[in-house]
Every structure is written in C-alpha cells, then in structure tokens.
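Please open the model in your viewer and keep the sequence panel beside it, since this tour moves from one selection to the next and says what is found at each stop.

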Amino acid sequence: MDLQIALILGQDGITNGAIYALLALALVLVFAVTRVIFIPQGEFVAYGALTLAMMDAGRLPGTIWLLLIAGCAVAVLDGYAALKAGQQRRLAAILGLNLAYPLALLGLLKALPLPDLPLAVQVFAALLVVVPLGPMMYRLVYQPIAEASVLVLLIVSVAAHVAMVGLGLVFFGAEGYRTPPFSEARFELGPMLISGQTLWVVLASLLLIVALALFFDRTLYGKALRATAINRTGARLMGISPALAGKLTFFLAALIGVLSGVLISPITTIYYDTGFLIGLKGFVGAIIGGLASYPIAAGGALLVGLLEAFSSFWASAYKEVIVFTLIIPVLLWRSLKSHHLEEEE
C-alpha cells in the first residue's frame with residue numbers, strides 16, 4: 001500500500017464514517033429518551049434513498065401509501081382518545097395532520113411531473129413523505145408499550161425492522177437503485193482526487209451535527225429532550241409529556257435516517273434491505289459510546305468507517321466480520337468496568 005492508496009481509503013472511510021456517525025447519534029438519542037434500541041433506523045436510510053430514486057424515475061413511491069395507512073391508524077387511535085377525554089376540539093388537528101396531510105401530498109405527487117423536478121425539490125418531497133413515518137411509528141408501535149422493559153422494546157424493534165424490510169420489498173422491488181449526484185465536480189488535493197459528492201456527504205453531516213447541537217442547547221424542545229434523557233421521571237414531573245418527547249425523538253431519528261440515505265444514494269447502490277447493514281454499523285459506533293455519549297459514539301462511528309475502508313483493501317471478504325468484531329472488546333471492557341445490579345442487591 002502506498003500513500004495514494006492510503007489517502008483514497010481514508011477518504012472513503014471518512015465519507016462512510018460521517019454517515020455512520022449520524023446514525024449513531026440518532027440511535028443514542030432514541031435510546032436515551034425512550035429506552036428503545038431502534039433497529040429500524042437503517043430502514044429509514046433505505047426508504048429515503050429509494051423514495052428519491054422512485055421520484056427520479058417518474059414513479060409514485062410506495063411509501064406515500066404507507067404514510068396514508070399509518071396516518072389513518074393514528075387518526076383512529078388519537079381521535080378515539082380525544083373523544084373519550086372530551087377534547088373534541090383536538091379532532092380537527094388530528095385529522096388534519098394524519099389524514100389531510102397524506103392525502104394532499106398524494107394528490108400533489110400525482111399532479112407534479114416528478115422526473116422533471118429539480119433534484120433539491122425531489123429531495124424535499126422525499127423528506128415530506130418518509131420523515132412523518134417516524135413519529136407515526138412511535139405512536140403505533142412504541143407508545144402503547146412505553147413502560148415495558150428494554151428487552152420487550154428490543155423485541156418489538158426487531159419485529160418492526162422485519163416488517164419494514166418486507167414492506168420495502170413490496171414498495172421498491174428487489175432491484176437496486178442509485179440517484180443522480182448532487183455535484184459532478186472533482187478537486188485535486190495533492191495526490192488525492194476528491195469528488196463533489198464526498199464533500200456534500202461530509203459537509204452535510206457536519207452541518208447536521210452542528211444543527212442538532214444548537215437544537216439541544218438553544219431551543220425549548222431540545223432542552224426538554226435533554227431533560228427526558230437525563231431523568232425521565234423528573235422530566236415528567238416538570239410537565240414534559242413523554243409521548244411528545246418520544247414523537248419528537250423519532251421525528252429527528254427519521255430525519256437523520258432519510259437525509260443519510262439521500263446523501264449516500266449517489267455513491268452506492270441501495271436495495272430494499274441495504275439499510276439494515278448500514279444502521280448496524282452506526283449501532284457499533286453507538287455501542288462504543290455506551291448508548292450514552294454523543295461525542296464518543298460519533299468518534300466510534302468514524303473509526304468503524306476507517307476500519308471498514310482499510311479492511312476492504314487487506315481482506316475484502318472479511319471486512320464485515322472485522323468491523324462487527326470491534327464490538328466484542330468494547331462490550332467486554334464495559335462489562336468489566338460496570339457494576340452489576342444483581343451483585344449490588
């Protein structure tokens with residue numbers, strides 16, 4: 001391996017690591033606020049990329065039908081709860097958000113010439129379709145069992161992941177897709193050639209991380225999520241709604257997942273089940289951070305990206321094994337450093 005090859009591999013590792021870092025941050029956020037190990041995080045990556053690909057091909061994405069069905073289910077549940085509590089005034093907002101919005105979006109997508117739209121408009125439309133599925137998923141799947149044990153929530157997450165993979169096959173088929181790059185530019189930096197899409201991925205990831213940091217530090221809702229992550233019972237006593245915190249958390253996780261899928265879809269072929277492997281590598285970074293530390297999780301995700309890139313050069317057949325083996329010493333070290341509750345009792 002010479003310097004030029006090492007620089008190319010390092011560039012690939014940083015590009016992939018930036019995406020894994022975003023997913024790791026989303027996984028840490030979801031677990032800290034809701035205690036859910038969010039296995040379907042990767043499916044939002046695939047759904048975002050493939051929804052954009054369908055629009056670029058001039059086809060109506062199947063995810064719009066999933067949004068409509070999920071909206072109907074949420075409208076029924078929330079509408080019944082509002083009527084039972086004597087809060088009829090909430091019905092208009094419930095029906096507007098969960099029924100009128102998907103129907104209006106469906107009509108708009110059918111009316112617009114999707115393949116002729118600018119790429120930025122297509123990306124925005126993909127966000128409008130897929131991101132609302134995050135809070136809807138929380139309402140339908142996790143909110144009814146919010147007080148269950150972490151193990152039960154994990155089992156439900158696995159079930160949700162399997163369901164989303166199956167729906168992805170129905171919506172998008174078994175064929176893989178790529179989307180047009182955001183930029184065709186090429187930049188020479190010494191012996192290294194950097195593509196414009198790589199810069200888009202890295203810069204967009206950094207901007208999103210900075211935006212999340214500002215959101216948690218400067219906004220009321222961000223501070224409410226931080227309070228919930230630190231002490232759920234205390235946050236509830238202070239008037240912070242656990243349901244609202246959960247929906248907002250899943251909204252952010254879905255937004256991060258969809259944006260990640262949109263960013264990587266021009267540089268790798270995305271299939272209906274690709275998201276699971278990508279999300280699992282973000283999970284490795286989150287585990288390195290103990291599902292608690294955002295900076296360590298981001299750093300661990302970058303390490304995963306670099307390890308994957310260099311492993312593909314030295315032992316490409318075993319690169320996935322090498323990456324996931326990284327979890328073993330981390331878990332062993334954390335197990336030795338932590339106190340077991342059974343022993344303390």
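Is Met 164 buried or exposed? Met 164 is buried, with a relative accessible area of 6%, where buried means under 20% relative accessible area, exposed means over 50% and partly exposed lies in between, with a 1.4 Å probe and protein chains only.

Before going further, please note that this is a predicted model, in which local features need pLDDT of at least 70 and side-chain atom pairs count only at pLDDT 80 or more, while totals for chains, interfaces and linings use all residues. Residues are numbered from 1 along each chain as its sequence is written, and side-chain values use heavy atoms, with hydrogens and water left out.

**Helix H7**

Stay with Met 164, which lies in helix H7, residues 150–172; helices (H or I, at least four residues) and strands (E, at least two) are DSSP runs, numbered from the N terminus. Not counting residues up to four places away in sequence, Met 164 touches Pro 40, Glu 43, Phe 44, Tyr 47 and Met 137, a contact being heavy atoms within 4.5 Å. Next select Leu 167, which is also found in helix H7 and which, at 31% relative accessibility, counts as partly exposed. Leaving aside its neighbours within four places in sequence, Leu 167 is in contact with Tyr 47 and Leu 66. If you then add Gly 62, you will find a residue 105 places from Leu 167 in sequence but 9.0 Å from it in space, C-alpha to C-alpha.

**Helix H6 and the loop before it**

Now select H6, which covers residues 133–142. Eight of the ten residues of H6 are buried, so this helix is largely enclosed by the rest of the structure. The buried residues are Leu 133, Gly 134, Pro 135, Met 136, Met 137, Tyr 138, Arg 139 and Tyr 142. Step back to Pro 132, in the loop between H5 and H6, which counts as buried at 16% relative accessibility. With neighbours within four places in sequence left aside, Pro 132 is in contact with Leu 67, Tyr 101 and Leu 127. Pro 132 and Asn 98 are 34 residues apart in sequence, and their C-alpha atoms are 9.4 Å apart in space.

**Helix H4**

Asn 98 leads to helix H4, where Ile 94, Asn 98, Pro 102, Leu 105, Leu 106 and Leu 109 are buried. These buried residues pack against helix H2 (41–56), helix H3 (63–84), helix H5 (119–130) and helix H6. Look along H4 to Gly 96, where the helix bends by about 40 degrees, the bend being the angle between axes fitted to the seven residues ending there and the seven starting there. At 1.5 Å a residue, the 22 residues of H4 (residues 90–111) should span 32 Å, and the end C-alpha atoms are 31 Å apart, which agrees; the expected span is 1.5 Å times one less than the number of residues.

**The loop at Arg 35**

Turn next to Arg 35, whose place is in the loop between helix H1 (3–34) and H2. Arg 35 is buried, with a relative accessible area of 16%. Its phi is near 65 degrees, a positive value in a residue other than glycine. Most residues other than glycine have a negative phi.

**Helices H8, H9 and H11**

Select helix H8, residues 196–218, whose 23 residues should span 33 Å at 1.5 Å a residue and whose end C-alpha atoms are 32 Å apart, which agrees. The buried residues of H8 include Leu 212, Phe 215 and Phe 216, and the buried residues of this helix pack against H1, strand E1 (186–189), strand E2 (192–195), H9 and H11.

From there, move to Gly 222 in helix H9, residues 220–230, which is buried with a relative accessible area of 0%. Gly 222 touches Phe 215 and Phe 216, not counting residues up to four places away in sequence.

Finally, show H9 together with helix H11 (residues 242–264): the axes of the two come within 10 Å and cross at roughly 105 degrees, where axes are lines fitted to C-alpha atoms, for helices over the stretch in contact, and angles run from 0 to 180 degrees between N-to-C directions. That makes H9 roughly perpendicular to H11, a term for angles of 65 to 115 degrees. The contact is made by Tyr 221, Leu 225 and Thr 228 of H9 and by Leu 244, Ala 245, Leu 248, Thr 249 and Leu 252 of H11.

Key:
Angles under 35 degrees count as roughly parallel, over 145 as roughly antiparallel, 65 to 115 as roughly perpendicular and the rest as oblique.
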